[in-house]
Amino acid sequence: MSAVMPVFRRSIRESWRGLIGWSLGIAAVLFLYLPLYPSFGANGQLDSVIKALPKQLVDTIGYDQIATGAGYAQSTFFGLMGFLLFTIAAVLWGSSAIAGAEESGRLELDLAHGIGRAQYAAESALAVLVRLLWLGAFSGAVVLALNDPAELGIHPPHIVGASLALTGLAFLSAMAGLLAGALTGRKAWATGVAAAVAVLGYVFQALAKQSDDLEWLNALSPYAWVYQQPPLKEGVEVGGLLLVWGIAIVLALASALALSRRDLRG
Amino acid sequence: MSSAIDITALHKRYGHRTAVHDLDLHVQPGTIYGLIGPNGAGKTTTLRTLVDIIRPTSGQVRVLGEDPRHGGARLRRRIGFVPGELRLEGRVTGHRMLSFYAETSGPVSRGYTSELAERLGVDLSRPVRSLSKGNKQKVGLIQAFMHRPELLILDEPTSGLDPLVQREFLAMLREARDAGQTVLLSSHVLSEIQQAADEVAVLAAGRIVAQGDVASLRLGSVRRVRVALDAHDPDALHRRFTGIPGVTELEVTPHGEALQLAATVEGGIDPFVKALAQETVHDLTIEEPDLEESVLRLYGPAADHEGGAR
C-alpha cells in the first residue's frame, strides 16, 4: 500500500545536487594536494621543511609521515582536509535529518502521515550513510586514480581501508548528531554534539602524541582508533574500524528508539 | 455505532504547566465537531495527541477505535491532519510535496489533487516556500483531504484564508460529511464553527467549559453594539437604554451633531432594537466580541452556569 522507503528516497532526491557539489569540492582538494607530492615530498624538499618545524606542531597535524606517498596522502587528505570536509558534511546532514526537520515544522506534518517514527529515523540515518559512502567511494577512487601519476606508491587495498575509516569517522559524527536531534529536537544540540565528537576525537589523539602521559587519550579518540596505525601504509586496523562503525550503527538504532519515545516539539 | 473519536479523562502536562485538564470528548462518525476556545486553551494539544505527535500524560484516547500510539502509521493513513502552525519551507513544489504524502498515506485518486488545487486556487507548480501564508494553508488543506480519509483533524484550518476560500472550504467540509467522513476542527473564530459544526465543545484554560449543539451554547448571544443617532440629551438617552434587559457597559458620547451610543447586549436583541427604532439612526454596527471575551463572560468564574453549560 505505501511505497518502499519514502523518507529515504525523498532525502536522496532532495540532496543529490548538493552531493555533486561536495564531490567536486573533495576532488578539487585531492587534485590540488596529491599531484604536488613528486615535487615536494619525494625529493626530500618537504622533509627538510618539516624538520625545521617544532616537533609538537608536526606531530599534532600528523606531518611526521609526510615523506612517503602513503604518509603524504594521510597527512594532507585523510587526516586533515578530507577529515574536515567529511566532518562538515556529516554534521550538516546528521543535524538536519531529524532536528532540522523538526524545527522547520516538516517532521510534524510527515509524522501525521503514514510514516512510523522509528522508520523515519532509520530511513534518515540510511540516507546520511549512503551519501557518506558515496563521498568515501568517490574519494577512494580519486586517490586510486592519482596513485600512479602522483607517484604515491600506495598499496591499492589500503586505499579502501582508509576510505572506510574516513567514512566511518564521519558516519559516527553524523549519528551522534542524529541521536542528539532525536533526543532533543534541537538543531543546535544536534550540530554541537556531532561536531564535538569529531573535534574531541581529533584533539585527544593530537594531545596523546605530545607525551606518553597523555597516550591514554587515544582510547577516547575514534580518530586514533582508525588512524593510529597508518591505514595507507600498514592497512587499516580492523578492530578500530569495526568499533567506529559499530558505535555509529548503535547510535542510529538509539535514534530510532529515542524519536519513538517522546513528544514532538510544537 | 462506536465513536470516531473517544477521549476520556485526558491530561497533558508540560513540566508544571497543565495544558489539558481532565478532558472528555466524543465525536460521532459522519459529523462535524468544532472545538473552540481562545488561543492557549489546549485545542492544539488535544488535536496533536490524536495523531500521536504528542502523548497524553494520563487518560485514554481512541481514534477510529484504536490507541493512536499503537495504531501508528497504519492508523494515520486513515486520518487527514492540518497542523495548527503549518510551516512549509521546502524547496520542493506543491506537486512534489503532495505526491510524497500520497505515497505515504495514499492512495489518492487520479486528478483529485489538481481538482482540489483548482477549487482552492493555489498553484502547485511553485516551490512551497515561495507561497503566501494563505496559499501554504491551501496546500495544507489539500494534503489532508486528498486521500479522502475517514477522519479529518483540522487545527485552525482557515487561518490565512480569504473569505471566498473560507466559503469553499466550508463547502468541502459539508461534502466530506455527506460522504460519511468525520471532521474535528478547531478555531478561535466563532462564526466559522457556527456555520460548519454539528456539535461544539468550548475549551478554556485546558478544560471543556461547555459542550453541545451550537445554538445551545449562547456564545453568539453577546454582541457589541455601536449606534450614531439623532439626539441631543445624552442623559435622557442613557436613562432610556439603561433599563433595557441585557444591556451593559453603556456609554453615550457626543459625535459631531449627533450622539454615539455604545453598549454590550447579552441575550435577545429585540428590546434594544425596538428602543432604537424610536430614534433616527445614522449608523449601526453590531459585532460579535472575540471568542475569549464571550467565553470569559459566559463561562468564566463570575458567570452563572445555567443554559449551555454541561
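Student: Which residue in β12(B) stands opposite T248(B)?
Tutor: Strand β11 (residues 247-255) and strand β12 (residues 258-266) of chain B run antiparallel and are joined by seven bridges. Strands here are DSSP runs of E with at least two residues, helices are runs of H or I with at least four, and both are numbered from the N terminus; two strands pair if DSSP finds at least two bridges between them. Opposite T248(B), in β12(B), stands T264(B).

Student: What pLDDT do local features need in this predicted model?
Tutor: Residues are numbered from 1 along each chain as its sequence is written, while chains are lettered from A and ligands numbered from 1 in the order in which they are written. The model is predicted; totals for chains, interfaces and linings use all residues, side-chain atom pairs count only at pLDDT 80 or more, and local features need pLDDT of at least 70.

Student: Which residue takes a positive phi in the hairpin of β11(B) and β12(B)?
Tutor: The hairpin has two residues between the strands. A positive phi, near 65 degrees, is taken there by G256(B).

Student: Is E249(B), in strand β11 of chain B, buried or exposed?
Tutor: E249(B) belongs to strand β11 of chain B, and its phi is positive, near 50 degrees, although the residue is not a glycine. A residue is buried if 20 or more other C-beta atoms, placed from the backbone, lie within 10 Å of its own, exposed if 12 or fewer, and partly exposed in between. Because E249(B) has 11 other C-beta atoms within 10 Å, E249(B) is exposed.

Student: What is the order of the strands in the open sheet of four strands in chain B?
Tutor: Strands of a sheet pair through backbone hydrogen bonds, either parallel or antiparallel. In this open sheet the pairing is antiparallel, and the order is β11-β12-β10-β13.

Student: Which are the edge strands of this sheet?
Tutor: From one strand to the next, the twist averages 15 degrees. An edge strand pairs on one side only, and this holds for β11 and β13 (280-287) of chain B.

Student: Which residue of β13(B) is the bridge partner of R226(B)?
Tutor: Seven bridges pair strand β10 (residues 222-230) of chain B with β13(B) in the antiparallel sense. Within β13(B), the bridge partner of R226(B) is T285(B).

Student: What angle does the direction of helix α8 of chain B make with that of β11(B)?
Tutor: Helix α8 (residues 234-242) of chain B packs on the sheet and touches β11 and β12 of chain B. Axes are lines fitted to C-alpha atoms, for helices over the stretch in contact, and angles run from 0 to 180 degrees between N-to-C directions. The angle between α8 and β11(B) is about 160 degrees.

Student: How far apart are the centres of domain 1 and domain 2 of chain B?
Tutor: Chain B is divided into domain 1 (5-217) and domain 2 (219-299), with bounds from an automatic or database domain assignment. Taken over C-alpha atoms, the separation of the two centres is 37 Å.

Student: Why is A4(B) counted as buried?
Tutor: A4(B) lies in the segment before β1 (5-14) of chain B. Leaving aside neighbours within four places in sequence, A4(B) is in contact (C-beta atoms, placed from the backbone, within 7 Å) with V27(B), Q28(B), P29(B), L64(B), L151(B) and T182(B). T182(B) is 178 residues away in sequence, yet the C-alpha to C-alpha distance is 7.1 Å. A4(B) is buried because the other C-beta atoms within 10 Å number 23.

Student: Which residue does a cis peptide bond join to G106(B)?
Tutor: The residue is placed in the loop between α3 (94-105) and α4 (112-120) of chain B. Omega is about 5 degrees for the cis bond that joins G106(B) to P107(B).

Student: What is the radius of gyration of chain A?
Tutor: Chain A has 12 helices and zero strands. The globule rule (2.2 Å times the number of residues to the power 0.38, with the radius taken over C-alpha atoms) gives 18 Å for 266 residues, and chain A is close to that, so it is as compact as a globular protein of that length, with a radius of gyration of 20 Å.

Student: What percentage of the residues in chain A is buried?
Tutor: The C-alpha atoms of chain A fill a box of roughly 65 × 40 × 30 Å along the principal axes. Of the 266 residues in chain A, the buried share is 51%.

Student: Which helix gives the most to the side of chain A that touches chain B?
Tutor: Contacts link 18 residues of chain A with 20 residues of chain B. On the side of chain A, α1 (6-33) and α6 (106-111) each supply at least two residues. With four residues, the helix that gives the most is α6(A).

Methods
Two residues are in contact if their C-beta atoms, placed from the backbone, lie within 7 Å.
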